[in-house]
Amino acid sequence: MCLRSSQKRKSEISLQDPIGTDSEGNEITLIDVLGTDADEVHGHVERRVSLQTVRALVHSSLRGRERTVIEMRYGLLDGKVYAQQEVADKLGISRSYVSRMEKKAMERLREAFENGAQSIR
């Protein structure tokens, strides 16, 4: 039974298995080769959490076209960042109106963020 069990695991590889040595004679494992910098992983997680927070703030603070403008301008919908002219063309409005809406929406978001930060304290 033990032999059958070990046969099943024969093709498995552990990230901790040594795969060789470096020029100084230290063992190199798969995790050393495949691993990433801890700060990089931490930064990636932090960015995802921040993005979720921003999306929630946009959803709760803005309505209608203002929300659409911010979502398109900053890539909150599909990850693609649209230029003001592209947003204007898609919404059928002028680029200057998009600019004014964006400025007004950003001010509302700033106020909502500050009020939310104060309520946390």
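Q: What makes a set of residues a nonpolar core?
A: A nonpolar core is a set of buried Ala, Val, Leu, Ile, Met, Phe, Trp, Tyr and Cys residues joined through side-chain atoms within 4.5 Å. In this predicted model, the largest such core has eight residues: Val69, Met72, Tyr82, Val87, Ala88, Ile93, Val98 and Met101. The elements that give two or more residues to this core are α4, α5 and α6 (95-120). Apart from this core lies another, of six residues, including Val58, Leu62, Ile70 and Leu76.

Q: Which residues does Ile93 touch, not counting residues up to four places away in sequence?
A: Ile93 touches Arg65, Ala88, Val98 and Met101. Ala88, Val98 and Met101 are also members of the largest nonpolar core.

Q: What makes the buried residues of α5 one face of the helix?
A: The buried residues in question are Gln84, Val87 and Ala88. Seen down the axis of α5, they fall within an arc of 100°, so they line one face. The face turned away from this buried side carries Asp89 and Lys90, which are exposed. Just after α5, Gly92 has a positive phi of about 75°.

Q: Why is Glu66 called buried?
A: Buried means under 20% relative accessible area. Glu66 has 9% relative accessibility, and therefore counts as buried. This residue lies in helix α4. Its contacts, leaving out residues up to four places away in sequence, are Met101, Lys104, Ala105 and Arg108. Between Glu66 and Ala105 the C-alpha to C-alpha distance is 5.9 Å, although they are 39 residues apart in sequence.

Q: Why is Leu77 called exposed?
A: Exposed means over 50% relative accessible area. Leu77 has 51%, so the term applies. Leu77 is in the loop between α4 (64-73) and α5 (84-91). With residues up to four places away in sequence left out, Leu77 touches Glu71 and Met72. The C-alpha atoms of Leu77 and Arg55 are 9.1 Å apart, with a sequence separation of 22 residues.

Q: How do you know that Glu71 has no salt bridge?
A: A salt bridge needs a side-chain nitrogen of Lys or Arg within 4 Å of a carboxyl oxygen of Asp or Glu. For Glu71, the nearest side chain of opposite charge is Arg67, at 4.6 Å. The distance is beyond the cut-off, so the pair does not qualify. Glu71 is nevertheless buried, and is found in helix α4. Not counting residues up to four places away in sequence, Glu71 touches Val58, Leu76 and Leu77.

Q: What makes Arg73 and Glu102 a salt bridge?
A: Their closest N and O atoms are 2.9 Å apart, and the cut-off is 4 Å, so the pair qualifies. Arg73 in helix α4 and Glu102 in helix α6 are 29 residues apart, and the pair links distant parts of the chain. Glu102 has 8% relative accessibility and therefore counts as buried. By the salt-bridge rule, the count comes to five.

Q: Why are Lys80 and Glu86 called partly exposed?
A: Partly exposed is the class between buried, under 20%, and exposed, over 50%. Lys80 has 40% relative accessibility and so counts as partly exposed. Glu86, at 37%, falls into this class as well. The two side chains meet in a salt bridge at 3.9 Å, N to O. That value is within 4 Å, so the pair is counted.

Q: Why are Arg110 and Glu114 separated by about one helical turn?
A: They are four residues apart in helix α6, which means a separation of about one turn. Their closest N and O atoms are 2.9 Å apart, and the two form a salt bridge. At 39% relative accessibility Arg110 counts as partly exposed, and Glu114, at 38%, is partly exposed too. Glu107, Arg110 and Glu114 are linked in a network of salt bridges.

Q: How do you know that β1 and β2 pair?
A: Pairing requires at least two bridges between the strands. Strand β1 (residues 18-21) and strand β2 (residues 27-29) have three, in the antiparallel sense. Gly20 has Ile28 in β2 as its bridge partner. The strands form a hairpin with five residues between them, and Gly25 in the turn has a positive phi of about 90°.

Terms used. Residues numbered from 1 in each chain as written. Predicted model: local features only at pLDDT ≥ 70, side-chain atom pairs only at ≥ 80, totals over all residues. Heavy atoms only, no water. Buried < 20%, exposed > 50% of the residue type's maximum accessible area, 1.4 Å probe, protein only. Contact = heavy atoms within 4.5 Å. Arc of directions from axis to C-beta. Lys, Arg positive; Asp, Glu negative; His and termini not counted.
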